[in-house]
Amino acid sequence: MNSQPRVGIVMGSDSDWPTMQAAATALAEFDIATEADVVSAHRMPDEMLAYGREAHARGLEVIIAGAGGAAHLPGMLAAVTPLPVIGVPVPLAHLDGMDSLLSIVQMPAGVPVATVSIGNARNAGLLAVRILAAGDPGLTARMLDFQAALAEAARAKGAVVRG
Ligand code: RP5
């Protein structure tokens with residue numbers, strides 16, 4: 001595997017990692033190099049802005065950003081990078097993650113964040129694979145195989161129900 005990270009996975013706190021590691025797992029299944037770090041928008045704003053401003057020049061192609069509560073990290077990164085940003089609403093103890101979801105999804109026109117469902121970092125990883133696959137026929141073929149396997153697994157569950 002090429003060790004140059006193509007996808008940056010960042011989060012507001014190490015407490016987000018149990019949710020966010022599913023993104024890293026999904027990307028590893030497609031042999032895509034990643035990096036992961038804590039870059040809190042509120043607690044370390046200077047580092048957060050530096051991360052966003054430098055990400056493209058460092059060779060990253062997609063950023064996955066997860067945060068909970070007043071979850072400003074994905075939107076602030078999207079404001080300072082030309083890269084696609086995928087937001088993961090991390091559910092906390094209160095409000096079932098609705099606070100995180102609404103904080104991330106309600107971006108003003110012109111500054112997009114592709115927001116996945118609450119806690120669904122695996123889909124963030126898979127969406128990053130699809131973004132990278134747009135310019136990579138080999139990766140597209142692997143995504144098609146993955147989708148075929150999903151369909152086969154769903155058919156097998158139908159067979160169990162039918163008996
Ligand atoms: C957010 O605050 C983080 O993304 C995390 O989801 C939440 C709680 O952080 P900790 O208090 O657990 O560090 O900024």
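In the predicted model, helices α2 and α3 cross in a right-handed sense. The two elements span residues 45–54 and residues 73–80, respectively. Their axes lie 8 Å apart and make an angle of about 50°, which makes α2 oblique to α3. On the α2 side the contact is made by Met48, Leu49, Gly52 and Arg53, and these residues meet Leu73, Met76, Leu77 and Val80 of α3. By class, this contact of α2 with α3 comprises six nonpolar residues, one polar residue and one charged residue.

A second helix pair is formed by α1 (residues 17–29) and α5 (residues 121–133), whose axes come within 6 Å of each other and cross at roughly 35°. The crossing of α1 past α5 is right-handed. From α1, the residues in the contact are Thr19, Met20, Ala22, Ala23, Ala24, Thr25, Ala26 and Leu27. Their counterparts in α5 are Ala121, Arg122, Ala124, Gly125, Leu126, Ala128 and Val129. Sorted by class, the contact of α1 with α5 holds 11 nonpolar, three polar and one charged residues.

Helix α5 also packs against α6, which covers residues 137–162. Here the axes come within 8 Å and the crossing angle is roughly 140°; α5 and α6 are therefore oblique to each other. Val129, Arg130, Leu132 and Ala133 represent α5 in this contact, and Leu139, Thr140 and Met143 represent α6. The contact of α5 with α6 divides into five nonpolar residues, one polar residue and one charged residue. Val129 of α5 thus appears in the contact with α1 and again in the contact with α6.

The surroundings of the ligand were examined next. The residues around the ligand include Met11, Gly12, Ser13, Ser15 and Asp16. Ser40 and His42 are also among the residues around the ligand, as are Ala67, Gly68 and Gly69. Val90 and Leu92 complete the list. In terms of class, this shell contains four nonpolar residues, seven polar residues and one charged residue.

Confidence in the prediction was assessed per residue and for the model as a whole. The protein has an average pLDDT of 97, and 99% of the residues score at least 70. The ipTM of the model is 0.97 and the pTM is 0.96.

Methods. Residues numbered from 1 in each chain as written. Predicted model: local features only at pLDDT ≥ 70, side-chain atom pairs only at ≥ 80, totals over all residues. Axes fitted to C-alpha atoms, helices over the stretch in contact; angles between N-to-C directions. Helix = DSSP H or I, 4+ residues; strand = E, 2+ residues; numbered from the N terminus. Parallel < 35°, antiparallel > 145°, perpendicular 65-115°, else oblique. Left-handed = near helix turned anticlockwise from the far one by under 90°. Contact = placed C-beta atoms within 7 Å. Nonpolar A, V, L, I, M, F, W, Y, C, P; charged D, E, K, R; others polar. pLDDT = per-residue confidence, 0-100. Near = placed C-beta within 6 Å.
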